[in-house]
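Here are a few exercises to work through with the model open beside you. Try each task before reading its solution.

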Amino acid sequence: KPKQQVVEELQEQHQKFDVCIAADCIYMPQFHSVLLQSIQKLMTYPHGVALLPFALHGNTDDDKVWDIVPLAQSMGFGVEVLRSEQLTPQSWGMDLKRGLVHMIRLTHSSNHQS
C-alpha cells in the first residue's frame, strides 16, 4: 500500500497508543517525515511516548540519520536522546558501529522533561 494510504487508514481507525516503538526504522532519512507523521497520529495525548532505538547502518551519512532530531522538534515533539549502548554485532566481521544502539524518546512537547 502507498505510505499515505496506510497513514490515512490508521487515522480513520482512531486507535491511539500510550507507547509506540519504531525499532531500527530511521536509517533511511527519506522516510523520517512520514514516520514522524504516523507517530503523531498514533501516540496518545498528552502522555504518549515513542521510542526509536536504532543503529547507524552506514547506508547514508550518519548526520542525515540524526537529522530526525531537529525534524521531530520542528514538528512539535519533545525529543530526548538517551544513552547509547554497545552490543555485540550480529555477525562476525560486522563493524562495531552496527552494534552501537542509540535511543531517541519522543513525547508531546508540552510534556517534555529536560
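**Exercise 1. Is His-102 buried or exposed, and what does its side chain contact?**

Start with accessibility: His-102 has a relative accessibility of 8%. Buried means under 20%, so His-102 counts as buried. Keep in mind that this is a predicted model.

Next, place the residue: His-102 sits in strand β4, which covers residues 100-108.

Then look for polar partners. The side chain of His-102 makes a polar contact with the side chain of Ser-84, at 2.7 Å.

Finally, list the neighbours, leaving aside residues up to four places away in sequence: His-102 touches Leu-52, Pro-53, Phe-54, Ala-55, Leu-56, Trp-66 and Ser-84.

**Exercise 2. Work out the order of the strands in the sheet and find which strands stand at the edges.**

Begin with the order: four strands form an open sheet, arranged β1-β2-β4-β3, and the pairing is mixed.

Now read off the edges. β1 (19-21) and β3 each have a single partner strand, so one side of each is left without a neighbour in the sheet. On average, neighbouring strands of this sheet are turned by 20° against each other, direction ignored.

Take one pair in detail: β2 (residues 49-54) and β4 run antiparallel and are joined by six bridges. Within this pair, Val-49 has Thr-107 of β4 as its bridge partner.

To finish, add the helix. Helix α2, residues 32-42, lies across β1, β2, β3 and β4, and it runs at about 115° to β3.

**Exercise 3. Where is Gly-93, and is Gly-93 buried or exposed?**

First, the location: Gly-93 belongs to the loop between β3 (77-86) and β4.

Second, the accessibility: the value for Gly-93 is 72%. Exposed means over 50%, so Gly-93 counts as exposed.

Third, a distance to check for yourself: the C-alpha atoms of Gly-93 and Pro-53 are separated by 22 Å, and these residues are 40 apart along the chain.

**Exercise 4. How many disulfides does the model contain, and why is Cys-20 not bonded to Cys-25?**

Apply the cut-off: a disulfide needs two cysteine sulfur atoms within 2.5 Å. The closest cysteine sulfur to that of Cys-20 is in Cys-25, and because it is 12 Å away, it is too far for a bond. Looking from the other end, Cys-25 likewise has Cys-20 as its closest, at 12 Å. The count is therefore zero disulfides.

For the surroundings, Cys-20 is buried at 12% relative accessibility, whereas Cys-25 is partly exposed, with a relative accessible area of 39%.

Key: Residues numbered from 1 in each chain as written. Predicted model: local features only at pLDDT ≥ 70, side-chain atom pairs only at ≥ 80, totals over all residues. Heavy atoms only, no water. Helix = DSSP H or I, 4+ residues; strand = E, 2+ residues; numbered from the N terminus. Buried < 20%, exposed > 50% of the residue type's maximum accessible area, 1.4 Å probe, protein only. Polar contact = N/O pair within 3.5 Å; in protein donor to acceptor, adjacent residues only side chain to side chain. Contact = heavy atoms within 4.5 Å. Pairing = 2+ DSSP bridges. Axes fitted to C-alpha atoms, helices over the stretch in contact; angles between N-to-C directions.
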